[in-house]
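Biologist: I'm new to this one, so could you walk me through it? I'll ask, and you can point me to the right places.

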Amino acid sequence: MTATTSTSAAPATPAPLVDATRDDASLRRFLLGLPGVDQVGVEQRAAGLGTRSIKKDAKRWAIDTAISMVDLTTLEGADTRGKVRALAAKAVRPDPERQDTPRVAAVCVYPDMVATAVEALKGSGVHVASVATGFPAGRTSREIKLADTKIAVEAGAHEVDMVIDRGAFLEGRYMDVFEEIRAIKAACGDAHLKVILETGELATYDNVRRASWLALLAGGDFIKTSTGKVSPAATLPVTHIMLQAVHDWHVQTGELRGVKPAGGIRTTKDAIKYLVAVHEVAGEPWLTPDLFRFGASSLLNDLLLQRRTQVDGHYSGPDYVTVD
C-alpha cells in the first residue's frame, strides 16, 4: 500500500445501502432504525468470551498474532525525532534477542513526525499511521482538518486516523458527520482511513452502533474505538458491537472493513480476550493486521514478556524489554 498526494473522488456507497445515504432524512431513518443494543446481553456475551481458556500452543499463536496487530504509538507534545526513530526500531525488532518475534503492524505519530517515521521504517513492511483532523478533540474547521490530512499523506503516511465530530453526532447532525468523513477519505488518496468514534463520549451502546454504521457508510476502512485520551477507552462490549457492525457490513456488501480498539488494553490476557471476540463475533478472516489492530503501546511489553515465558519456560522480568 503506497500513499499518494492526489485527491480522489469520495467513495461510492455500496449499492445495497445507497438509499441510506441519499439525503439527510434517509440517513437519519437508517441510523435510527438500526436494532437497539441489548445492554445486558452484549455485556454478558463479552464477559463470557473473556473467560475462554486456550492451550499452550494456541497461546503462543495468539501472542504472535497480537504482536503483529499492534500500532505502536507516540502522541505527546514532547515527541522528538529521536523518540520516533527509537519507536520505529522497536516496531521492526520488538525483541532484538528473539529474531523470530513478529514485527508490529504500524507506528502512529502526529503529522509533523510522519516523514521521520517513514524514513526510519523504509523497507521494513511496518506501516506509518498518522492522526489528523485536530486529534484528539477534533474541534477545528473542516478546512484545517483537510489540511492536517494532506500534510500526513504528502509526508508518506500509509494510514490516517481521524476523529469524528462527536458534538455534531450527539446533536443528531448525522449528515454533517457523514460528509466530513467522506471528505477526509477523499483527501487520503491511497492511504487507509481509520475513523475514531471516541466511544467513551457517545454515552450509549445504541450510539456506538449508529456511529459505527455511519463511519462504514462514509467509507472508513477501519472503525476505531478511541483516541486513548478519554476514559473509558476500549471495552469488550463496545468492541463486540463494532465487530458485529463490520461483520454485518460484509454480509450486506461483500466488503471487509477493520476494527481497532485503542486505549486500556495492557496485558496479554486482555489481548487474548479481544482475539477470542474477533473470532467469535466477526469471524476468522478478521484475525489479521489488515482487519484488526490494537492501539495499545504498553501492551507490547507484556506480550514480549509472555512470549519469552512461552519459549523459555520461565518468566523474564521487565528488564528484558525496552520501556516506552
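Biologist: Let's start with two helices. Which residues of α2 meet Leu-236, Pro-237, His-240, Ile-241 and Gln-244 in α10?

Modeller: Keep in mind that this is a predicted model. Helix α2 covers residues 39–49 and helix α10 covers residues 236–253. By class, their contact has 6 nonpolar, 2 polar and 2 charged residues. On the α2 side, the residues you're after are Val-42, Glu-43, Arg-45, Ala-46 and Leu-49.

Biologist: And how is α2 set against α10, roughly parallel or roughly perpendicular?

Modeller: The axes of α2 and α10 are 9 Å apart, and the packing angle is about 100°. Anything from 65 to 115 degrees counts as roughly perpendicular. So α2 sits against α10 in an arrangement that is roughly perpendicular.

Biologist: Now α1 and α8: which residues of α8 make the contact with α1?

Modeller: Helix α1 (residues 24–32) and α8 have axes that come within 9 Å and cross at roughly 100°, so α1 is roughly perpendicular to α8. The contact has 6 nonpolar and 2 charged residues, with no polar ones. From α1 come Asp-24, Leu-27, Arg-28, Leu-31 and Leu-32, and from α8 come Tyr-174, Met-175 and Phe-178.

Biologist: Let's turn to the sheet. Which strands stand at its edges?

Modeller: There are 7 strands in an open sheet, ordered β1-β2-β3-β4-β5-β6-β7, and the pairing is parallel. Neighbours in this sheet are turned against each other by 25° on average, ignoring direction. An edge strand has a single partner, so one of its sides has no neighbour in the sheet; that is the case for β1 (71–73) and β7 (258–260).

Biologist: Inside the sheet, which residue of β4 is the bridge partner of Ser-130?

Modeller: Look at β3 (residues 127–131) and β4 (residues 159–163), which run parallel and are joined by 3 bridges. Follow Ser-130 across to β4, and its bridge partner there is Val-160.

Biologist: Which strands does helix α8 lie across?

Modeller: You've already met α8 through its contact with α1, where Tyr-174 is one of its residues. The helix covers residues 174–187 and runs at about 150° to one of the strands it crosses, β5 (192–196). The strands it lies across are β4 and β5.

Biologist: What about the backbone in the loops: which residue has a positive phi although it is not a glycine?

Modeller: Go to the loop between β3 and α6 (142–154), which also holds Pro-136. A cis peptide bond joins that proline to Phe-135, with omega about 0°. In the loop between β3 and α6, the residue with a positive phi of about 60° is Thr-133.

Biologist: Which residue does a cis peptide bond join to Ser-231?

Modeller: This one takes you to the loop between β6 (222–224) and α10. The omega value of the bond is about 0°. The residue joined to Ser-231 is Pro-232.

Biologist: Last one: which helix gives the most to the lining of the largest pocket?

Modeller: That pocket holds about 570 Å³ of space. It is lined by 26 residues, and the closest to its centre are Thr-73, Gly-295, Ala-296, Ser-297 and Ser-298. By class, the lining has 8 nonpolar, 11 polar and 7 charged residues. Both α4 (81–92) and α12 (297–312) supply at least two of them, but the one that gives the most, with 3 residues, is α12.

How values were computed:
Residues numbered from 1 in each chain as written. Predicted model: local features only at pLDDT ≥ 70, side-chain atom pairs only at ≥ 80, totals over all residues. Heavy atoms only, no water. 1 Å grid on protein atoms, 1.4 Å probe; cavity = no way out; pocket = protein on both sides within 12 Å on 5 of 7 lines; lining within 4 Å. Points joined across faces, edges and corners; volume = space filled by probe spheres on them. Helix = DSSP H or I, 4+ residues; strand = E, 2+ residues; numbered from the N terminus. Nonpolar A, V, L, I, M, F, W, Y, C, P; charged D, E, K, R; others polar. Pairing = 2+ DSSP bridges. Axes fitted to C-alpha atoms, helices over the stretch in contact; angles between N-to-C directions. Contact = heavy atoms within 4.5 Å. Parallel < 35°, antiparallel > 145°, perpendicular 65-115°, else oblique.
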